Amino acid sequence: MSERKRRKHDYSARLKYIRLLESGWTFSLIRVKYGIDDTQLKVLWEKYQQYGKAGLHKSGKIKADFALKKKIVLDIIENHLTLHAASIKYGPSISSINTWLRIYRSEGLSGLERVRKRGRPPGMGRPKKNSKPLTELERLRKENQELKTENALLKKVRALVEERNARLRGTGQGPSKN
């Protein structure tokens, strides 16, 4: 399967696709020539037939709550509505509706109720700086730990340099002066 970069189709391009369909071009011919997905083109065609040119404008993001998800999924299950038709009727994208159907089939309606948290989990990030001043003992311990870390790093660098020099001597080259 070849990896194709997804193209954004602006309003003028969508209007051009509709004009081509009206003039007799097929969905597959437009897909091959302009790289728009068949289902996306069919949705545009349905929206154009239903709403006219206003249907070709991109719709805003729909923040679907549990009630809307439940309504869409149950409508699809009970009335054998296609994803394409549900997308036109309710507004969310086909991929969102497909995800909700998958969750419904595996976990039931309770799975649609769950909201995934986004962002970093708590506790992940830089440690908070302590606002109170360190005691002499704490300051010395911190400094000691920093020196141990620096010492370990220098030992590793020295080992890598010695390993490189040994490898160069094995090939008959001398180490550089740097």
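**Exercise 1. The contact of H4 with H6**

Which residues in H4 meet which residues in H6? Work out the partners, then describe how the two helices are oriented.

*Solution.* Keep in mind that this is a predicted model.

Step 1: list the partners. The H4 side consists of Lys69, Ile72, Val73, Leu74, Ile76 and Ile77, and these meet Ile97, Trp100, Leu101, Tyr104 and Arg105 in H6.

Step 2: sort the residues by character. The contact of H4 with H6 holds nine nonpolar, no polar and two charged residues.

Step 3: look at the axes. Those of H4 (residues 66-79) and H6 (residues 94-107) come within 10 Å, crossing at roughly 80 degrees. Angles of 65 to 115 degrees count as roughly perpendicular, and H4 and H6 are therefore roughly perpendicular to each other.

**Exercise 2. Leu101 in its surroundings**

Find out whether Leu101 is buried or exposed, and list what it touches.

*Solution.* Step 1: place the residue. Leu101 sits in helix H6.

Step 2: apply the cut-off. Buried means under 20% relative accessible area, and Leu101, at 3%, counts as buried.

Step 3: collect the contacts. With residues up to four places away in sequence not counted, Leu101 touches Val73, Ile76, Ile77 and Leu83.

Step 4: take one distance along the chain. Leu101 and Leu112 are 11 residues apart, and their C-alpha atoms are separated by 9.0 Å.

**Exercise 3. Two nonpolar cores**

Describe the largest nonpolar core, and then name some members of the second one.

*Solution.* Step 1: start with the best-connected members. The largest nonpolar core has 14 residues, of which Tyr17, Ile18, Leu21, Ile30, Ile36, Leu41 and Leu56 touch the most other members.

Step 2: trace the core back to its helices. Helix H1 (11-22), helix H2 (27-34) and H3 each supply at least two of its residues. H1 gives the largest share of this core, six residues.

Step 3: zoom in on one member. Leaving aside neighbours within four places in sequence, Ile30 is in contact with Tyr17, Leu20, Leu21, Trp25, Gly35, Ile36 and Leu41.

Step 4: turn to the other core. A second, separate core of 10 residues includes Ile72, Val73, Ile97 and Trp100. These four also appear in the contact of H4 with H6.

**Exercise 4. The loop between H4 and H5**

Compare His80 and Leu81: where do they lie, and how accessible are they?

*Solution.* Step 1: locate them. His80 lies in the loop between H4 and helix H5 (83-90), and Leu81 is found in the loop between H4 and H5 as well.

Step 2: check the backbone of His80. Most residues other than glycine have a negative phi. His80, although not a glycine, has a positive phi of about 55 degrees.

Step 3: read the accessibility. His80 has a relative accessible area of 69% and is exposed, whereas Leu81, with 22%, is partly exposed.

Step 4: list the contacts of Leu81. Not counting residues up to four places away in sequence, Leu81 touches Asp75, Ile76, Ala86, Lys89 and Tyr90.

**Exercise 5. Gly52 and the confidence of the model**

Locate Gly52, then find which helices have the lowest and the highest mean pLDDT.

*Solution.* Step 1: Gly52 belongs to the loop between H3 and H4. At 22% relative accessibility, Gly52 counts as partly exposed.

Step 2: Gly52 and Glu162 are 110 residues apart along the chain, with their C-alpha atoms separated by 75 Å.

Step 3: among the elements of the chain, helix H3 (residues 38-51) has the lowest mean pLDDT (83) and helix H8 (residues 136-170) the highest (92).

Step 4: for the chain, the average pLDDT is 83, and 92% of the residues score at least 70.

Conventions
Residues numbered from 1 in each chain as written. Predicted model: local features only at pLDDT ≥ 70, side-chain atom pairs only at ≥ 80, totals over all residues. Heavy atoms only, no water. Axes fitted to C-alpha atoms, helices over the stretch in contact; angles between N-to-C directions. Parallel < 35°, antiparallel > 145°, perpendicular 65-115°, else oblique. Contact = heavy atoms within 4.5 Å. Nonpolar A, V, L, I, M, F, W, Y, C, P; charged D, E, K, R; others polar. Buried < 20%, exposed > 50% of the residue type's maximum accessible area, 1.4 Å probe, protein only. pLDDT = per-residue confidence, 0-100. Core = buried A, V, L, I, M, F, W, Y, C linked by side-chain atoms within 4.5 Å.
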